[in-house]
Amino acid sequence: MKVSILQFPATNCEYDTEHAFKDLGAKTEIVWHKSQTIPSDTDLLVIAGGFSYGDYLRSGAIAKFSPVMKAVAEYANNGGKVLGICNGFQVLTETGLLSGALKRNEGLHFISKHHHLKVENNNNDFLKKLNSGDVLNIPIAHHDGNYYINEDGLSELEKNGQILLRYTDENGNIKNPNGSVGSIAGVCNKEKTVFGLMPHPERAMESLLGSDDGLAMLKGFFES
């Protein structure tokens, strides 16, 4: 499996992401934001976390104008699988590849800690190694993780099974750290080929570091 990982100025999770996928046996390639193309052998394209362009104007708002994003849109629109993690999720919403928007956290503070998530839908390549209702312990680290979508959009997500993950406590009860609508932590597109989440599965690959729950999340892509 080949995983290509985008790199923008000021992103800081591309090497963690590369390490995670290499540990799972994937070939990886870091793709600089000025590239005009996505490597032709790409099986999964990852937009990693960090602070692309320093999060000036709005998180992901400048990154969407990078030269590589035209190729990303073409890749996604042709059915290519895309995973956006944290800032990558923000970039995907800014470009319209995923519905909704990420706003400033309700408490106006940067949040960095482990937080539990409940799997809402596993009928997709990302979470198919897990069961609906499973509770995971995954790090979050964001200032603009407050997911927003209007009522009609939320109804569409619910109807199409596009809500992937919700923030909960260890027992699966809603525990919302940032004000996200419906306590949503991750969504996908209607075709279930583009995925975005604010938590960092690439930081939950070893129990020594607090959790290895990220393993089951990322492994799903290897059997698609």
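Strands S6 (111-119) and S9 (163-168) pair in the antiparallel sense over four bridges. Two strands count as paired if DSSP finds at least two bridges between them. Helices (H or I, at least four residues) and strands (E, at least two) are DSSP runs, numbered from the N terminus. One bridge to look at joins His116 to its partner in S9, Thr168. This is a predicted model, in which local features need pLDDT of at least 70 and side-chain atom pairs count only at pLDDT 80 or more, while totals for chains, interfaces and linings use all residues. Residues are numbered from 1 along each chain as its sequence is written, and side-chain values use heavy atoms, with hydrogens and water left out.

S9 has another partner. It pairs with strand S10 (residues 184-188), again in the antiparallel sense, over three bridges. Here Arg166 has Ile184 in S10 as its bridge partner. How covered is strand S9? Six of its six residues are buried. Buried means under 20% relative accessible area, exposed means over 50%, and partly exposed lies in between (1.4 Å probe, protein chains only).

Arg166 also leads into the salt bridges. A salt bridge is a side-chain nitrogen of Lys or Arg within 4 Å of a carboxyl oxygen of Asp or Glu. By this rule the model has ten salt bridges. Arg166 belongs to a network of them, together with Lys118, Glu120 and Glu158.

Another salt bridge sits in helix H4 (residues 151-159). Lys159 and Glu156 meet there through their side chains, at 3.0 Å from N to O. The two lie three residues apart, about one turn of the helix. Lys159 is exposed, at 62% relative accessibility. Glu156 is partly exposed, at 34%.

Other salt bridges reach across the sequence. Take Arg104 and Asp144, whose side chains meet at 2.7 Å, N to O. Arg104 lies in the loop between strand S5 (101-103) and strand S6, and Asp144 in the loop between strand S7 (135-142) and strand S8 (146-148), so the pair ties together parts that are 40 residues apart in sequence. Arg104 is partly exposed at 41% relative accessibility. Asp144 is buried, with a relative accessible area of 11%.

Now look at His143. It lies in the loop between S7 and S8. It counts as partly exposed, at 25% relative accessibility. Which residues does His143 touch? Leaving out residues up to four places away in sequence, His143 touches Lys103, Arg104, Asn105, Leu108, His109 and Phe110. Contact means heavy atoms within 4.5 Å. Met217 makes a useful reference point: 74 residues from His143 along the chain, with 23 Å between the two C-alpha atoms.

Move to the N-terminal part of the sequence. The side chains of Asp41 and Lys2 form a salt bridge, 2.9 Å from N to O. Asp41 lies in the loop between S2 and S3 and Lys2 in strand S1, so this pair ties together parts that are 39 residues apart in sequence. Asp41 is partly exposed at 39% relative accessibility. Lys2 is buried at 6%.

Helix H1 (residues 14-23) comes next. Which of its residues are buried? Glu14, Thr17, Glu18, Ala20 and Phe21 are. They cover an arc of only 165° around the axis, which puts them on the same side of H1. That arc is taken from the directions that run from the helix axis to the C-beta atoms. The cover over these buried residues includes strand S1 (2-7), strand S2 (27-32), strand S3 (44-47) and helix H5 (214-219). After H1 comes Gly25, with a positive phi near 100°.

Finally, step back to the whole chain. It has five helices and eleven strands. Along its principal axes, the C-alpha trace spans about 45 × 35 × 35 Å. With 224 residues, a compact globule would have a radius of gyration near 17 Å, and the chain has 16 Å, which agrees. The radius is taken over C-alpha atoms, and the globule rule is 2.2 Å times the number of residues to the power 0.38. Of the 224 residues, 54% count as buried. Of the contacts with a separation of 6 or more, 74% come from residues 24 or more positions apart.
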